[in-house]
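Me: I would like to go through this structure in questions and answers. Please keep each reply short and end on the value or name I ask for.

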Amino acid sequence: MTVLDRRISLTMGPALFNWPVAKWRDFHARLADEAPVDTVHIGEVVCSKRLPFYLDVIPETVERLQRGGKTVVFSTLALITLPRERKDSADIVHNGEHEVEVNDIAALKHLGEGQAFRVGPYVNVYNESTLRFLARLGASSVCLPRELPIGTVDVLAGMARALHIGCEVWSFGRIPLAISGRCYHARVEGLTKDSCQFVCARDSDGLTVDTVDAKNFLAVNGVQTMSHTYCNTIADVERLADAGVTALRLSPHSCDMVAVSQVFRDRLDGKIDTGEAICRIDEICGGLSFSNGFLFGKSGTEMISGPRP
Amino acid sequence: MTGRSRLELVCPAGTPAGLRTAITAGADTIYCGFRDETNARNFPGLNFSRAEMEESIAYAHERETKVFVAVNTFPRAGEEQLWHHAIDDSAAFGADALILADLGLLDYAASRHPQLRRHLSVQAAAANADAIDFYTSNFGVRRVVLPRILTVAEIAAINREIDCETEAFIFGSLCVMAEGRCSLSSYVTGISPNLGGVCSPGSHVAYHEDGDELTSILGEFTMHRVGRSVPAPYPTVCKGSFTAGSFKGHVFEDPTSLDASTLIPQLAAAGVTSLKVEGRQRGRAYVSAAVRSLRRMIDDYAAGLPINANALTHLSEGQSTTQGAYRKTWR
């Protein structure tokens with residue numbers, strides 16, 4: 001069995017759901033101690049109302065992750081409208097200690113001269129000119145938008161390599177599809193965003209949205225709308241390596257993410273083949289439906305398991 | 001009352017005939033796009049060939065009407081020339097402004113055509129003063145089309161801080177997600193609105209009759225099921241009817257459209273420069289009626305007269321309207 005490409009690193013994205021603080025802290029503690037991931041993102045990307053719940057445990061979490069040898073990156077909110085949100089994003093960019101992932105263009109305004117930053121998956125990077133512009137501004141890596149097909153990944157990963165910046169692809173977890181000013185978790189409970197009573201905390205992986213035919217369709221996560229399927233590129237890592245991708249992003253869920261990241265690492269290191277990797281992910285996630293359709297120019301709901309383009 | 005500023009009325013044109021109709025009806029400015037993937041209303045049979053664009057801009061200018069050209073999708077990697085040509089041709093034809101969303105295109109337009117006004121498309125969803133500052137200072141953007149997720153108070157606060165004009169949607173279809181950042185249609189159909197300019201493409205739409213019921217389907221998913229006596233709504237994900245927990249119905253938004261015409265005084269007070277009508281895909285009769293009514297309302301307001309609150313209701317017949325995010329309770 002061949003070692004695919006050891007240079008591909010693993011990134012654990014920011015926790016996207018409203019988890020109780022104990023769960024949030026334990027999740028990151030386990031990552032620090034056990035998960036073979038290189039980079040861990042911290043920060044509230046979805047709803048600024050959630051941040052106060054775990055704000056106090058961030059310093060100890062960061063310290064523990066760093067002790068575990070992880071690079072810690074602070075992610076900004078994906079949609080910034082309130083003055084408090086603008087200030088929070090500015091503070092993250094100004095922190096000076098940790099790398100920053102920008103998820104709303106607003107955060108770019110606060111960059112210091114020559115300050116490096118990472119471009120998050122919520123920024124529209126569809127083409128070479130945009131990537132070049134961001135690299136000129138100081139981008140050190142980009143996590144590509146989730147809907148890009150592999151042909152585009154080829155072009156952009158190649159351009160990223162030429163620009164000496166990293167290129168990451170969304171590889172595991174429900175896919176963020178849209179962000180809104182309106183909170184849908186609140187709306188389905190007859191509430192509004194301002195009076196939400198934090199009903200989103202009931203659904204640790206999002207609230208399933210089904211069609212009227214009872215077919216699983218989407219998942220609501222507060223102001224964010226996600227896929228019902230979990231993106232899973234475990235069978236595609238060879239193709240992603242060929243494209244020149246430098247990192248795979250795993251997005252936190254309630255399933256055993258340490259085990260998931262171990263499967264990805266083992267596959268990248270050539271310790272297991274694709275068949276075994278698929279089986280192990282299935283065992284860990286029991287019963288979840290997966291997709292990789294976006295990567296192959298199909299609808300994002302599909303799981304393409306035949307020959308790859 | 002005097003001294004009220006007169007808001008600019010920016011109207012859609014899907015065809016050269018539509019452009020002439022909107023000008024006759026009283027538009028100050030027309031926005032339109034080329035007949036390809038470079039604009040966010042890339043529907044079959046719509047938009048302008050090169051010759052049509054050149055003639056239409058000349059026609060509008062003879063009538064003291066401006067033309068903004070929307071090049072507001074995101075160029076496909078490896079195929080950016082198509083978008084660059086749209087920008088170069090708009091400049092050559094004398095367009096009054098480009099409406100852009102992509103960082104790379106803004107960069108291109110600012111360096112190649114610095115004299116041509118650049119407006120930030122709603123597809124860039126710049127929802128706060130910091131983002132807008134970034135676009136004005138990096139690309140010399142002169143106007144921002146505001147995303148349809150802001151309250152009037154937030155728009156006023158933004159206008160107090162920024163260094164460019166703002167344009168706000170007043171009437172037409174309503175996106176409930178931050179524009180240009182939505183992959184719902186893409187997830188279902190595999191065709192990205194950001195890249196191709198089509199949300200919920202007709203090629204992926206089906207209507208099925210099932211006993212007494214009618215369903216409208218997008219891709220493999222049912223968006224609506226209604227009794228046969230009612231027309232099934234066009235299947236758009238964000239307006240679809242679903243179940244979520246014990247909730248059954250429109251999880252994201254009711255099949256409703258925006259009518260913020262009664263907020264003209266508030267939007268003017270909030271410092272908005274111009275009001276935009278959505279609907280390049282609409283017929284000429286609709287555009288004509290909407291533009292005439294809004295022209296009257298804007299002029300009445302500028303003249304210190306009361307505005308007719310019901311002027312537009314007949315255009316939304318059979319459909320409810322909303323003031324959308326302009327009212328805070330929408331959230």
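Reply: A polar contact here is a pair of N or O atoms within 3.5 Å, where within protein one must be able to donate a hydrogen and the other to accept it. The model is predicted.

Me: Which side chain does A:R267 contact, and at what distance?
Reply: A:R267 is part of helix α9 of chain A, residues 257-268. With a relative accessibility of 5%, A:R267 counts as buried. Its side chain makes a polar contact with that of a partner at 3.1 Å, and the partner is A:E238.

Me: Is A:P252, in the loop before α9 of chain A, buried or exposed?
Reply: A:P252 sits in the loop between β11 (247-250) and α9 of chain A. Its C-alpha atom is 9.0 Å from that of A:R174, although the two are 78 residues apart along the chain. Buried means under 20% relative accessible area. The relative accessible area of A:P252 is 0%, so A:P252 is buried.

Me: How many aromatic pairs does the whole structure hold?
Reply: The search covers the whole structure, over all chains. The number of aromatic pairs found is 18.

Me: What is the geometry of the pair A:F172 and A:Y230?
Reply: The ring centres of A:F172 and A:Y230 are 6.1 Å apart, and the ring planes stand at 65°. Plane angles over 60 degrees count as edge-to-face. The pair A:F172 and A:Y230 is therefore edge-to-face.

Me: How many residues apart in sequence are the parts that this pair ties together?
Reply: A:F172 belongs to strand β7 (residues 166-179) of chain A, and A:Y230 belongs to strand β10 (residues 224-232) of chain A. A:F172 is buried at a relative accessible area of 0%, and A:Y230 is buried at 5%. The pair ties together parts of chain A whose separation in sequence is 58 residues.

Me: What class does the pair B:Y135 and B:F139 fall into?
Reply: Both B:Y135 and B:F139 lie in helix α5 (residues 129-139) of chain B, four residues apart, which is about one turn of the helix. B:Y135 is buried at 3% relative accessibility, and B:F139 is buried at 2%. Their ring centres are 6.3 Å apart and their planes are at 40°, so the pair is tilted.

Me: Which residues form one aromatic cluster with B:F242?
Reply: B:F242 is in strand β11 (residues 242-244) of chain B, and at 1% relative accessibility it counts as buried. The cluster takes in residues of chain A and chain B. The other members are A:Y184, A:F217, B:F221 and B:F252.

Me: Over which ring does the charged end of B:R282 sit?
Reply: In chain A, A:K23 lies over the face of A:W19, 4.7 Å from the ring centre. In chain B, the charged end of B:R282 is 4.2 Å from the centre of a ring, that of B:Y286.

Me: Which are the edge strands of the open sheet β8-β9-β10 in chain B?
Reply: Three strands make up this open sheet of chain B, and their pairing is antiparallel. Neighbouring strands are turned by 20° against each other on average, direction ignored. The edge strands each pair on one side only, and they are β8 (205-210) and β10 (221-227).

Me: What is the bridge partner of B:S216 in β10(B)?
Reply: Strands of a sheet pair through backbone hydrogen bonds, either parallel or antiparallel. Strand β9 (residues 213-218) of chain B and β10(B) run antiparallel and are joined by six bridges. The bridge partner of B:S216 in β10(B) is B:H224.

Me: Which residue in β15(B) stands opposite B:S257?
Reply: Strand β13 (residues 256-259) of chain B is joined antiparallel to β7 (residues 165-172) of chain B by two bridges, with B:F171 opposite B:D259. β13(B) also pairs with strand β15 (residues 320-322) of chain B, in the parallel sense and over three bridges. Opposite B:S257 in β15(B) stands B:T321.

Me: What is the radius of gyration of chain B?
Reply: Chain B contains 10 helices and 15 strands, and 64% of its 331 residues count as buried. Its C-alpha atoms fill a box of roughly 60 × 55 × 40 Å along the principal axes. A compact globule with 331 residues would have a radius of gyration near 20 Å, which agrees with the value for chain B, 20 Å.

Notes:
Residues are numbered from 1 along each chain as its sequence is written. Chains are lettered from A and ligands numbered from 1 in the order in which they are written. This is a predicted model: local features need pLDDT of at least 70, side-chain atom pairs count only at pLDDT 80 or more; totals for chains, interfaces and linings use all residues. Side-chain values use heavy atoms; hydrogens and water are left out. Buried means under 20% relative accessible area, exposed over 50%, partly exposed in between (1.4 Å probe, protein chains only). Rings of Phe, Tyr and Trp (its six-membered ring) pair if their centres lie within 6.5 Å; planes under 30 degrees apart count as stacked, over 60 as edge-to-face and the rest as tilted. A charge sits over a ring if NZ of Lys or CZ of Arg is within 6 Å of the ring centre and within 35 degrees of the ring normal. Two strands pair if DSSP finds at least two bridges between them. Axes are lines fitted to C-alpha atoms, for helices over the stretch in contact, and angles run from 0 to 180 degrees between N-to-C directions. The radius of gyration is taken over C-alpha atoms; the globule rule is 2.2 Å times the number of residues to the power 0.38.
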